[in-house]
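Here is a short briefing on one protein model and its ligand. Please keep the sequence and the 3D view open while reading.

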Amino acid sequence: MSLAPPAHAVAGVAVTARGLSKRYGAGPAAVVALDRVDLDVAAGRFTAIMGPSGSGKSTLMHCLAGLDRPTAGTVCVGDAELGRLDDRRLTLLRRDRVGFVFQKFNLLPALRAAENITLPLDIAGRRADPAWLRQVVAAVGLTDRVRHRPAELSGGQQQRVAVARALITKPWVVFADEPTGNLDSRAGAEVLRLLREAVDSLGQTVVMVTHDPVAAGYADRVVFLADGRPVRELTEPTAELVLDVLAGLDPSAAAAGASTRGR
Ligand code: ADP
């Protein structure tokens with residue numbers, strides 16, 4: 001892959017959160033899922049968000065990606081402050097400026113791989129640049145599979161279609177929510193290598209929520225949440241270092257993660 005980093009990457013920060021809070025419910029039963037989070041996501045870098053179950057990872061990703069609105073605080077994606085956008089503009093921003101990779105692939109079963117990949121452009125009434133489409137398809141290793149429908153592809157191949165779909169619009173940021181959660185370790189490693197490659201070769205900004213220390217080891221930076229707040233971070237993480245931090249935050253995670261050591 002070779003392409004100049006997107007212009008917005010020059011500014012250095014792709015996503016900013018300030019005083020971000022999210023409360024579910026009201027009164028004594030209210031749950032504070034995010035508690036005044038300040039976060040800067042560097043452009044052109046691979047950031048992982050980790051933390052014990054219930055620490056607020058999904059809520060943070062949903063608020064950063066404009067899938068959910070916070071109770072308080074601000075989020076900027078590129079030069080757009082999400083809170084200032086009405087629902088229509090927010091939808092357009094998600095379609096044109098953000099790429100998503102979900103645990104369950106979320107491909108349309110009736111469409112061939114190539115059509116799934118170009119779907120965000122088709123919805124926007126834009127044509128894919130043929131050279132860019134070829135490059136993305138080749139990068140995810142699907143050149144001989146573009147006419148297949150999702151049911152004719154393995155889980156790993158389906159997730160590679162989803163990565164290609166996330167990259168096709170050259171978005172400001174790709175959000176990946178447990179992208180390896182439904183894959184065996186080999187297919188998962190392939191998807192993580194692709195995300196890493198998108199960052200290294202294209203200058204793509206990637207934010208990934210994961211509970212897997214091995215997956216987080218592919219990132220440039222890991223932000224750890226506990227009780228809705230960032231409490232630690234690592235740069236140049238390894239799976240071992242990530243496990244050690246997690247063990248300190250949640251001892252039960254250490255036992256669960258121990259099986260990933262040495263992979
Ligand atoms: P994580 O992704 O780290 O497991 P979540 O962001 O899913 O954490 O959840 C953070 C907290 O917010 C948890 O206590 C969870 O139970 C609560 N929560 C998440 N979504 C909702 C919701 N829709 N309604 C009520 N509480 C929620």
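G78 takes a positive phi near 60 degrees in the hairpin of β4 and β5. Two residues lie between the strands of this hairpin. Bear in mind throughout that the model is predicted.

**The β4–β5 hairpin**
- β4 covers residues 72–77 and runs antiparallel to β5, joined to it by two bridges.
- One bridge pairs V77 with A80 of β5.
- C76 has its bridge partner in β5 as well, namely E81.

**The four-stranded sheet**
- The hairpin strands belong to an open sheet of four strands, ordered β2-β1-β4-β5. Pairing in this sheet is antiparallel.
- β2 and β5 (80–81) stand at the edges. Each has a single partner strand, so one side of each is left without a neighbour in the sheet.
- On its other pairing, β4 is joined to β1 by five bridges, and the two run antiparallel. A17 finds its bridge partner in β4, at V75.
- Strands of a sheet pair through backbone hydrogen bonds, either parallel or antiparallel.
- Helix α1 lies across β1 (13–24), β2 and β4. The helix runs at about 125 degrees to β1.

**The six-stranded sheet**
- Another open sheet has six strands in the order β6-β7-β8-β3-β9-β10, with mixed pairing.
- The edges are β6 (98–102) and β10 (229–235). Each of these has a single partner strand, so one side of each is left without a neighbour in the sheet.
- Neighbouring strands of this sheet are turned by 20 degrees against each other on average, direction ignored.
- β6 pairs with β7 (residues 173–177) in the parallel sense, over five bridges. Within this pair, G99 has V174 of β7 as its bridge partner.

**Helices on the six-stranded sheet**
- α1 lies across β3 (46–50), β7, β8 (206–209) and β9 (221–226). Relative to β7, α1 runs at about 155 degrees.
- α1 thus lies across strands of the six-stranded sheet and also across strands of the four-stranded one.
- Helix α7 (residues 185–202) packs on the six-stranded sheet and touches β3, β7 and β8. Its direction makes about 135 degrees with that of β3.

**The ligand shell**
- Which element gives the most to the shell around the ligand? It is α1, with three residues.
- β2 (31–42) and α1 (57–64) each supply at least two residues of the shell.
- The residues around the ligand include Y24, V31 and A33, as well as the run P52, S53, G54, S55, G56, K57, S58 and T59.
- By class, the shell has four nonpolar, six polar and one charged residues.

**Polar pairs at the ligand**
- S58 places a polar side-chain atom 2.8 Å from an oxygen atom of the ligand.
- For K57, a polar side-chain atom lies 2.9 Å from a ligand oxygen atom.
- G56 contributes through its backbone: a polar backbone atom is 3.0 Å from an oxygen atom of the ligand.
- On its own, the ligand has 560 Å² of accessible area, and the protein covers 58% of this.

**D96 in helix α2**
- D96 is found in α2, which spans residues 87–97.
- The D96 side chain makes a polar contact with the side chain of R95, at 2.9 Å.
- Not counting residues up to four places away in sequence, D96 touches A124, R126 and T169.

Terms used:
Residues are numbered from 1 along each chain as its sequence is written. This is a predicted model: local features need pLDDT of at least 70, side-chain atom pairs count only at pLDDT 80 or more; totals for chains, interfaces and linings use all residues. Side-chain values use heavy atoms; hydrogens and water are left out. A residue is near a molecule or strand if one of its heavy atoms lies within 4 Å of it. A polar contact is a pair of N or O atoms within 3.5 Å; within protein, one must be able to donate a hydrogen and the other to accept it, and residues adjacent in sequence count only if both atoms are side-chain atoms. Accessible areas come from the Shrake-Rupley method with a 1.4 Å probe; for residues, only the protein chains shown count as cover. Ala, Val, Leu, Ile, Met, Phe, Trp, Tyr, Cys and Pro count as nonpolar, Asp, Glu, Lys and Arg as charged, and the others, Gly among them, as polar. Two strands pair if DSSP finds at least two bridges between them. Axes are lines fitted to C-alpha atoms, for helices over the stretch in contact, and angles run from 0 to 180 degrees between N-to-C directions. Contact means heavy atoms within 4.5 Å.
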